[in-house]
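The exercises below ask you to read elements, pairings and contacts from a structure, each followed by a worked solution. Keep the sequence and the coordinates open while you go through the steps.

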Amino acid sequence: MNIYAKLTILCLFLVLFTAGVLSFFADQKVEQTLKEEIVTSMTQQSKGISSDIGRFMFSRLNDVRMASKNTYFVDPNLDSETITERLQELENLNNLYYSFSYFDTNRVRIADSKRISIGKEHPNTLYWTKLNEGQDETVDVSKSVSVGRVVMHFASKVWNDNNVEVGVLVGRILVDELFKIVGEYSLSSDTSRNLDIHLIDDTGTILYSNTNPASILSAKYGKYDLISSLNEPGVNFLETQDALYFVTRETNYLTFTGNDWVLILSVPKERAYAPLKQIRSQILWAVLPVILVAIVLSLIAANIFVKPIVKLSLAAEELSKGNLDVELPIGSKDEIGKLAKQMAQTSQSLIGQIEEQRQTNKQLIDQKTQIEMQKNQLMQVSSQIRDSISYAERIQRSTLPPITTLRSIFPDSFVTYKPKDIIGGDFYWFERVRRGNNEYMIIACGDCTGHGVPGAIMSIMGSNQLTNIVYYQNYLDPKKIISRLDKVIKFELQRDTDEVNRDGMEIGICVIDLDTLKMEFAGAGIPLRLMKHGSEKLTIYKTPRQMVGGIEGDEQEVHAQLNKEVIQLDVKDRIFLSSDGFQDQFGGEFDKKFMSKNFNKLIEDTSKKPVLEQQKIIENTFREWSKNTSQTDDVCVLGFEVK
């Protein structure tokens with residue numbers, strides 16, 4: 001075997017060996033990375049689902065606890081039929097609930113929103129057992145005796161003014177609603193890698209399953225013995241031969257202490273590592289062309305390097321044959337000597353250049369690695385911020401009332417709500433309330449200081465405090481509502497009443513007597529725009545330029561600084577409340593503010609059109625005005641027509 005064949009075989013061996021080693025380590029790294037991504041993704045999803053379930057249970061139990069404080073449950077003059085009607089009103093207020101029942105302390109059903117089993121004694125089921133053990137409120141999942149279906153029971157004791165237990169209020173939600181809360185989760189955007197989700201109690205009984213709903217309350221979780229020993233806080237990870245398990249034990253959510261339930265997310269390894277086969281195939285097809293090119297280059301290199309040596313060998317053979325005309329590579333002046341000398345010089349030069357290049361390459365690789373790390377950190381931080389803001393948007397949106405509440409009284413109504421930065425400081429609030437024999441519709445529009453996260457926090461505070469002031473403190477006068485809101489915000493922000501501060505919110509509040517259509521209006525910073533039916537001109541009721549939460553003085557002094565307008569409404573009158581975001585928006589041909597006079601004219605020009613068409617024109621005008629300019633501020637426009 002000549003030197004050409006040996007060198008060729010050596011080159012081929014090195015190429016194949018290097019390719020095999022690199023492929024092996026690449027495969028190991030890909031598998032490790034995929035596993036880390038799966039663990040991270042499922043851990044985050046476990047935390048998210050557990051938090052969603054805890055929040056849902058806390059909110060629904062809070063609904064029932066608040067409802068149990070209504071006075072009609074302890075009024076001895078109300079009969080069963082009247083209480084049943086009140087329970088039906090509760091059911092209609094929140095379509096999550098399937099039914100409500102009211103029991104006396106002997107478990108006898110006094111009233112039921114579905115009029116089922118009234119007058120009958122209820123069996124001593126799980127939630128009755130918990131109540132008898134001294135709990136004031138409780139939650140369980142079981143098959144309802146009256147409904148005949150699997151439901152979530154939310155029970156709360158009812159106490160009279162003497163703090164004596166007089167009954168129990170129970171709200172029922174079909175377990176199907178839990179499917180809507182949990183939803184479908186997967187390891188990727190496609191549905192071929194969906195997660196198996198189970199919720200079990202402390203005995204292993206299945207309370208929820210997205211893979212086998214028929215097993216709810218009728219079977220134990222098959223791997224309960226395997227996961228029952230995982231008791232660490234947070235998400236517990238368990239890997240078996242054929243599946244991955246992520247176990248999260250229920251923790252407290254605010255005042256809700258939980259029921260020792262366990263959330264289990266699992267996925268078979270075959271399903272979890274399905275992308276690995278495709279990745280390996282892609283690596284193989286990427287490496288094969290490189291190997292083929294390397295083999296060709298190896299053959300060419302072998303030929304180039306061996307050819308001069310073969311010539312020298314032939315020359316030596318010629319010399320051995322006695323051919324004296326052949327120039328021998330002997331001595332310092334012959335060709336071989338010069339070649340050796342030149343090769344030595346070239347070798348030294350190449351060694352120096354290669355070392356220099358190696359150092360340069362090392363620096364470049366280090367810089368690239370550092371840049372990649374910084375890039376990944378920035379992407380991770382950006383993703384976390386984006387996820388947090390998106391979740392904050394869901395929270396803020398949940399505090400805003402549905403437009404159906406307003407349209408139940410005024411069918412021709414609309415709300416245009418456009419936060420500047422996903423979440424914002426503008427908010428709207430409306431609710432129908434009863435005081436004695438009269439019903440009122442309270443409508444409010446607020447504009448908090450700033451926008452984004454600070455504004456959203458203020459808007460949620462404002463919305464929650466309005467609910468507290470109207471519902472639980474029974475305020476109805478708009479001036480008193482605003483002065484009390486100013487006091488509460490100062491307290492929440494730990495602000496002295498003598499402190500002058502512009503932080504807070506502008507707000508306008510309308511209180512409409514639905515029987516007489518008499519409207520009372522008060523505000524701070526937000527005016528009322530009224531378009532009387534048949535009129536061509538908009539009537540504007542201006543308000544003091546004050547910031548609620550920053551008005552100087554105590555509650556009585558603040559009340560004295562506010563104005564209240566009493567307006568007799570007529571059918572087809574239109575009322576508008578809005579923040580200043582629309583008129584402050586820059587845009588148009590000369591990049592100027594839209595201005596209040598143009599906003600007023602826009603309302604006047606469109607008030608003869610149907611309300612929903614008027615809303616579309618207002619929104620299209622804003623979109624066209626600001627199409628070449630970023631949004632300046634949060635925008636909230638609320639309008640309705642009196643019926």
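**Exercise 1.** Determine what share of the contacts in the chain with a separation of 6 or more comes from residues 24 or more positions apart, and set this beside the burial of the chain.

*Solution.* In this predicted model, residues 24 or more positions apart account for 63% of the contacts in the chain that have a separation of 6 or more. As for burial, 42% of the 643 residues count as buried. The secondary structure behind these totals comes to 14 helices and 22 strands.

**Exercise 2.** Work out the strand order of the open sheet that contains β1 and β2, and identify its edge strands.

*Solution.* Begin with the hairpin that β1 and β2 form, which has 5 residues between the two strands, and note that R107 in the turn has a positive phi of about 70°. Strand β1 (residues 99–103) and strand β2 (residues 109–112) run antiparallel and are joined by 3 bridges, with Y102 standing opposite A111 in β2. Next, follow β1 to strand β5 (residues 165–174), to which it is joined by 5 bridges, again in an antiparallel arrangement; here the bridge partner of Y102 in β5 is L169. Extending the pairings gives an open sheet of 5 strands in the order β2-β1-β5-β4-β3, with antiparallel pairing. Its edge strands are β2 and β3 (137–143), each of which pairs on one side only, and the twist averages 25° from one strand to the next. Finally, helix α2 (residues 80–93) lies across β1, β2 and β5, and runs at about 45° to β2.

**Exercise 3.** Find the order of the open sheet that contains β9 and β10, and then describe the surroundings of L244.

*Solution.* The sheet is open, has 5 strands in the order β7-β6-β10-β9-β8, and shows antiparallel pairing. Strands β7 (206–209) and β8 (235–239) are the edges, since each pairs on one side only, and the twist averages 20° from one strand to the next. Within this sheet, 7 bridges join strand β9 (residues 243–249) to strand β10 (residues 262–268), and the two run antiparallel; one pair to locate is R249, whose bridge partner in β10 is V262.

Now turn to L244, which lies in strand β9. Its relative accessible area is 0%, and because the cut-off for burial is under 20%, L244 is buried. Leaving aside neighbours within four places in sequence, the contacts of L244 include I38, F237, L238, L265, V267 and Y273. K269 is also among its contacts, and although L244 and K269 are 25 residues apart along the chain, their C-alpha atoms are separated by 6.5 Å.

**Exercise 4.** Classify the packing of helix α10 against helix α11 by crossing angle, handedness and residue class.

*Solution.* First take the axes of α10 (residues 452–472) and α11 (residues 478–492), which come within 10 Å and cross at roughly 130°. That angle makes α10 oblique to α11, because angles over 145 degrees would be needed for roughly antiparallel and 65 to 115 for roughly perpendicular. The crossing of α10 past α11 is right-handed. To list the contact, note that M458, M461, G462, Q465, L466, I469 and V470 in α10 meet I481, R484, L485, V488, I489 and E492 in α11. Sorted by class, this contact has 9 nonpolar, 2 polar and 2 charged residues.

Notes: Residues are numbered from 1 along each chain as its sequence is written. This is a predicted model: local features need pLDDT of at least 70, side-chain atom pairs count only at pLDDT 80 or more; totals for chains, interfaces and linings use all residues. Side-chain values use heavy atoms; hydrogens and water are left out. Axes are lines fitted to C-alpha atoms, for helices over the stretch in contact, and angles run from 0 to 180 degrees between N-to-C directions. Helices (H or I, at least four residues) and strands (E, at least two) are DSSP runs, numbered from the N terminus. Angles under 35 degrees count as roughly parallel, over 145 as roughly antiparallel, 65 to 115 as roughly perpendicular and the rest as oblique. A crossing is left-handed if the near helix is turned anticlockwise from the far one by less than a right angle, and right-handed if clockwise. Contact means heavy atoms within 4.5 Å. Ala, Val, Leu, Ile, Met, Phe, Trp, Tyr, Cys and Pro count as nonpolar, Asp, Glu, Lys and Arg as charged, and the others, Gly among them, as polar. Two strands pair if DSSP finds at least two bridges between them. Buried means under 20% relative accessible area, exposed over 50%, partly exposed in between (1.4 Å probe, protein chains only).
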